[in-house]
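Reader: Please take me through the strands, one enclosed arginine and a nonpolar surface patch of this model.

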Amino acid sequence: AKHDAFAERYFVSFIPFLDFNATVLRQAATLTERPATELLEDVPEDSRRNANPGHPRTWEIYFKALDRWLPEFHGDILYIGMDETYQYGSGSRWNVSPESRALDMSAGELLAYTINRIDKKAKEYGKRLFMHDTAFFRDHRLSYPGDPDPSWLKAVPLLPKDVMFNVWHWSRERVLEPLGRKHGFDLVYLC
């Protein structure tokens, strides 16, 4: 952030990377999304743990980080990561905590709710979201047992149309066509 003014003179924008899950869990690992019956020490300690989007403290921590860092960057993008958040064996859990279940949403609805809350806050600072495509490159179904509609793809039409996706998966059928052509999102290709 201290180099942003210098970069701006040369028409360069730094993009703040405030990963939703890492930002929250670095401060409060107890906010890891998990069912009440699963002890925190039993959840694999990998970078794929998800923050509990149903817990108010999650939002307090994350929004405090956005309030701290977003004014430091003149550019109009916030990178929120959210890479490989579907990997159960690596610690990912979704829509299983008592707080998340109290929101009474399917997995895709909860994912859209999460991204939309971040987007609303980012827009207060004139930023648009940039995130990994991995949540949507196939039909992930990580949710509570019995979710009648656990598809994460159900989140896609509920997202703000100005979200940009970091295309990590070069699948025309699973990423380029649905996210780009069908839904009209901007796709950024990294080589």
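Reader: Why is strand S2 largely enclosed by the rest of the structure?

Author: The model is predicted, so local features need pLDDT of at least 70 and side-chain atom pairs pLDDT 80 or more, while totals for chains, interfaces and linings use all residues. Residues are numbered from 1 along each chain as its sequence is written, and side-chain values use heavy atoms, without hydrogens and water. Strand S2 (a DSSP run of E, at least two residues) spans residues 128–132, and it is largely enclosed because the buried residues (under 20% relative accessible area, 1.4 Å probe, protein chains only) number four of the five.

Reader: Which residue in S2 is the bridge partner of Tyr-79?

Author: Strand S1 (residues 77–81) runs parallel to S2, joined by four bridges; strands pair if DSSP finds at least two bridges between them. In S2, the partner of Tyr-79 is Phe-130.

Reader: Which residue in S3 is the bridge partner of Met-131?

Author: S2 also runs parallel to strand S3 (residues 164–167), through three bridges. The partner of Met-131 in S3 is Phe-165.

Reader: How far from Arg-49 is the nearest side chain of opposite charge?

Author: Arg-49 is in the loop between helices H2 (20–27) and H3 (56–69); helices are DSSP runs of H or I, at least four residues. Its side chain reaches the backbone oxygens of Val-43 at 2.7 Å and Pro-44 at 3.1 Å. Arg-49 is buried without a salt bridge (Lys or Arg side-chain nitrogen within 4 Å of an Asp or Glu carboxyl oxygen), and Glu-45, the nearest side chain of opposite charge, is at 4.7 Å.

Definitions and conventions. Buried means under 20% relative accessible area, exposed over 50%, partly exposed in between (1.4 Å probe, protein chains only). Lys and Arg count as positive and Asp and Glu as negative; His and the chain ends are not counted. A polar contact is a pair of N or O atoms within 3.5 Å; within protein, one must be able to donate a hydrogen and the other to accept it, and residues adjacent in sequence count only if both atoms are side-chain atoms.
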